[in-house]
Amino acid sequence: MAPADQSEQPQATSSHMMKTTKRGRPFLKDTLDLFATLIVSLHLTTHKQYFRTFPNSFSTDEAAQNLASLKFSQSNRGPDPRDKTRIVTTTTTTTFSMTRDMAKAMCQHFMDARLIENAADPGVNLFKDRGTYILTPKGLHVLERFISKNGISSDHLQPVFATQPICIKLLHLERRSIDDEIIVTQSVITALFRRFVGRQANYPPSLPVNQDTFQDYHERSKGVPLMDVTERGQPLLGGKSASVHKYCFAAVGALEWLCDFTSVVGREEAAEMAAQFVRFGLIVLVSDKRKNNDSAIIFTVRGSAPGGNSPVSQQGEFRCTAKAIYKITDEGRRVAQWDDPNAQQSPHSSTTNLHAERSSLESGTTSTSKSAANDGSAVSAADAKIHRRISMAEKLNVTYEAGEKKGTKESNTERLKNILEEPSYRSLFREFLKANFCEENLSFWLDVEDFKRKFSITSSAMAVAPAGRQGARATPGQAAMEKHHTSLIRTAFEIYNKYLAPSSQNELNIDHGLRLDLAGYLSEVMTGLNGKTFDGQVDAEHAGSFNATQLQVLIKLYARIQTHVFRLMATDSVPKFIKTQRFLDARQWIGESDTADNDVLFLTSPPAPPGLGAEETGGAYITVSAKGSEREHRNQHRVVPGPSNSS
């Protein structure tokens, strides 16, 4: 596997092998980027297998053919340092080249990381030669973030996002840069465990066998499914009487949950994290009723034990067998904060610091039941704390109180920013505006925001057949960027015709001076292009005639109108919206599900940059899917609004 980076200049090329870990897998970031690049290049269609049809799927052959010659082009636009009026475009094309066997091995890594699954039999963990595959909710989460980050046109993927469950919150565990191993500290394990067990004990309700896939995934997302296990007594043999163990779960089910809702890249890594739960005294083995001749895989982790009364031991082991049952200990329930009325019922934050916060960097080791485990390394590192985070509701309360003292203008501006950042609030705000016949204000603001992001960074992925060199002058990257430029011009015209053209369907009510500035600029440009008097309408056929500088000026005009619309919503719509009952219900429902930096939330202290200390400091953070969160809130609100329905 050798990705090669190529800039706009043909001579600026480089080639390197993809880095792999000591376990033989690619680094996680490379795995996620390559997965998303592959999916963007594929055309997910309906496939048939075993007399069944699977929409939005792809075959083994399609994946292998695309990976054989996969190109990812990225364009960054910015002002020329020597001439601020000009736009400079820098294009980088990364080419992934691999054989069919390598492509299949890479797809196996995708399966191990729970990014794709066998459509006909999701329980099969082997990437087969003739198979049909679909994206998992975790895979859709990764894909959505990749598309948003790189400004990729994803119209062909919208049916997938609309019809399949998406992982709303994905927990990421930070890794060492040198070997891609998870950095284990007590604060990281605590954050992981709280996400693992959920806000409350997750005893799944009795649901019909053929329940909706969205509902099934929603129930699983609350935390690992728990059950009560009755241990038979043996009074005739002098043993103890029957007892009931509460808060139990199957070992294999725990591994599946960790693979589906966290950044672990396989069952081995999931088992090591579960072994850390054992080591930290959060879970304990209840029973393992396998037959004597059945083999067992036992994962063992070791590390230094903090002093004091901490329940942390120097060693923990986790049995990966179908019969193994574990339960959550008293210490685990305390850490989960199930019974603490002041804990805000959130697995994502804590008002108190962890006790015994001496952290250690450990590498878990694997062994079978008949072989010894090797010692993992234990290195002292800086203390890590779980910090309390300000919720979206608190943000709105604080800005409201500040607004009462300073005036409503600043307060409503901050409120609107928070509403636009949180998908659930944004969905309700759209419905409110629609009921008041001014939905076009929000639609325009969001469309321009997305358009500006795509203009600054545009990317594309494609699978290019390994045809012979026929002397084509334009490289695939340049051709892709030309296509993106045309698409951007077309989008700019669509925004104009939809919101700003005279008598348009969703015409905005904007300042007369802004409208004259926009009309004057378009009249000047369009008259120069076709020699005709501008009549207020623009055609998509002129997309190829617009250059990047003209497009930048148009974006600046759109941004001015966007600012005007923002102020209009903040002063006129927001004060009315925050008084509605649906908004008040949403504040209770959403609890702590908002995020910092729009869609990223650190659960532990952000780590220091590598190289500043003797060791890297571990951390955990959550990313949130905007599409999944918005859809989840809509579905929950249709049932019963309130905090009891939050996930």
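Two strands count as paired if DSSP finds at least two bridges between them. In this predicted model, β13 (residues 297-302) and β14 clear that bar with five bridges, running in the antiparallel sense. Below you'll also find a four-stranded sheet with a helix on it, a helix-helix crossing and a quick look at the cysteines.

**The β13-β14 pair**
- Across this pair, Thr-300 sits opposite Glu-317 of β14.
- Strand β14 spans residues 315-319 and has two faces: Gly-316 and Phe-318 are on the covered one, while Gln-315, Glu-317 and Arg-319 are on the uncovered one.
- As background, side chains in a regular strand alternate between the two faces of the sheet.

**The four-stranded sheet**
- Reading across, the order is β10-β11-β15-β12; the sheet is open and its pairing is antiparallel.
- The edges belong to β10 (227-231) and β12 (283-288); each has a single partner strand, so one side of each has no neighbour in the sheet.
- From one strand to the next, the twist averages 50°.
- In the middle of that order, β11 (residues 243-250) and β15 (residues 324-328) are joined by three bridges, again antiparallel.
- If you want a residue pair to look for, Phe-249 has Tyr-326 in β15 as its bridge partner.
- Helix α8 (residues 251-261) packs on this sheet and touches both β11 and β15. The direction of α8 makes about 35° with that of β11.

**Helices α14 and α17**
- Packed helices are described by the angle between their axes and the distance between the axes.
- Here, α14 (residues 439-456) and α17 (residues 548-577) have axes that come within 9 Å and cross at roughly 145°.
- The crossing of α14 and α17 is left-handed.
- On the α14 side, the contact residues include Phe-444, Trp-445, Val-448, Phe-451 and Phe-455; those on the α17 side include Leu-551, Ile-555, Tyr-558, Val-565, Phe-566 and Met-569.
- By type, the residues of this contact come out as 16 nonpolar, three polar and two charged.
- Glu-449 and Lys-452 of α14 are also among the residues in the contact, as are Gln-552 and Gln-562 of α17.

**Cysteines**
- A disulfide is a covalent bond between the sulfur atoms of two cysteines.
- How many disulfides does a search of the whole structure find? Zero.
- Cys-248 has 0% relative accessibility, so it counts as buried.
- Cys-438 is buried too, because its relative accessible area is 14% and the cut-off is under 20%.

Notes:
Residues numbered from 1 in each chain as written. Predicted model: local features only at pLDDT ≥ 70, side-chain atom pairs only at ≥ 80, totals over all residues. Heavy atoms only, no water. Disulfide = S-S within 2.5 Å. Buried < 20%, exposed > 50% of the residue type's maximum accessible area, 1.4 Å probe, protein only. Axes fitted to C-alpha atoms, helices over the stretch in contact; angles between N-to-C directions. Left-handed = near helix turned anticlockwise from the far one by under 90°. Contact = heavy atoms within 4.5 Å. Nonpolar A, V, L, I, M, F, W, Y, C, P; charged D, E, K, R; others polar.
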